[in-house]
Amino acid sequence: MREIHINDTTTVANHRVGQPDLNEHQTVFGGRTLSIVDNTASIPAMRVARSIVVTGTIDHIHFLQPFDLRNALSDESYVTGIGSRSIEVFTKIIGEDMETGARFLGFYAFTTFIIQDANVRMPATTLIADTPEQAQLIAGYADRKALRDQTRHADESILDAVTLAMPWENRNHENPLTN
């Protein structure tokens with residue numbers, strides 16, 4: 001059985017908030033945060049897979065505190081679970097007020113990456129936590145994976161109902177704006 005220390009998967013990326021990152025509230029746009037997460041979280045997944053991975057899901061998304069122009073962001077991502085073709089990565093973004101040095105947890109989420117090559121399977125792996133935080137997150141992996149599986153099965157009925165028709169096509173009612 002392969003053993004991997006969590007710290008060996010960890011990546012840290014720092015980002016200084018700039019004007020292009022801001023929304024109309026003068027805080028970092030949520031989509032910008034998700035872009036940072038998707039980009040950096042792929043690194044730990046690829047360190048483990050040593051193969052191309054693609055984003056499958058981003059879930060347990062929590063925007064806890066906003067980031068603004070006074071802040072720098074420290075994105076810390078590491079592997080918290082490994083399936084046969086999937087790898088779960090936890091990401092937290094810690095904000096730092098560059099004027100005072102105060103630090104705060106502003107965001108966290110889990111991203112699941114899928115190995116792109118359908119012929120590649122992950123070997124049996126034991127993850128070894130290097131911190132209490134990592135130990136707790138590893139311990140919850142099976143529950144999060146079960147919840148994702150349950151959600152994926154429930155979403156099948158949504159996908160069956162989704163149409164690719166243009167919104168104005170194939171309507172079964174009259175348009176009240178033209179009557």
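I sorted the lining of the largest pocket by residue type: three nonpolar, seven polar and eight charged. I counted Ala, Val, Leu, Ile, Met, Phe, Trp, Tyr, Cys and Pro as nonpolar, Asp, Glu, Lys and Arg as charged, and the others, Gly among them, as polar.

The model is predicted: local features need pLDDT of at least 70 and side-chain atom pairs 80 or more, while totals for chains, interfaces and linings use all residues. Numbering runs from 1 along each chain as its sequence is written, and side-chain values use heavy atoms, without hydrogens or water.

Next I looked up the pocket itself. The lining has 18 residues, and Thr 57, Thr 112, Arg 148, Asp 149 and Arg 152 lie nearest the centre. Two or more lining residues come from each of β3 (53–63), β5 (86–97), β6 (103–115) and α3 (141–161). α3 gives the most, eight residues. Helices (H or I, at least four residues) and strands (E, at least two) are DSSP runs, numbered from the N terminus.

Then I turned to the largest nonpolar core. A core is a set of buried (under 20% relative accessible area, 1.4 Å probe, protein chains only) Ala, Val, Leu, Ile, Met, Phe, Trp, Tyr and Cys residues joined through side-chain atoms within 4.5 Å. This one has 19 residues, with Val 48, Val 79, Ile 82, Ile 87, Val 89 and Met 122 making the most contacts inside it. α1 (30–49), β4 (71–82), β5 and β6 each supply at least two. α1 has the largest share, four residues. Another core lies apart, with 11 residues, including Val 37, Ile 93, Phe 107 and Ala 109.

Notes:
1 Å grid on protein atoms, 1.4 Å probe; cavity = no way out; pocket = protein on both sides within 12 Å on 5 of 7 lines; lining within 4 Å. Buried < 20%, exposed > 50% of the residue type's maximum accessible area, 1.4 Å probe, protein only.
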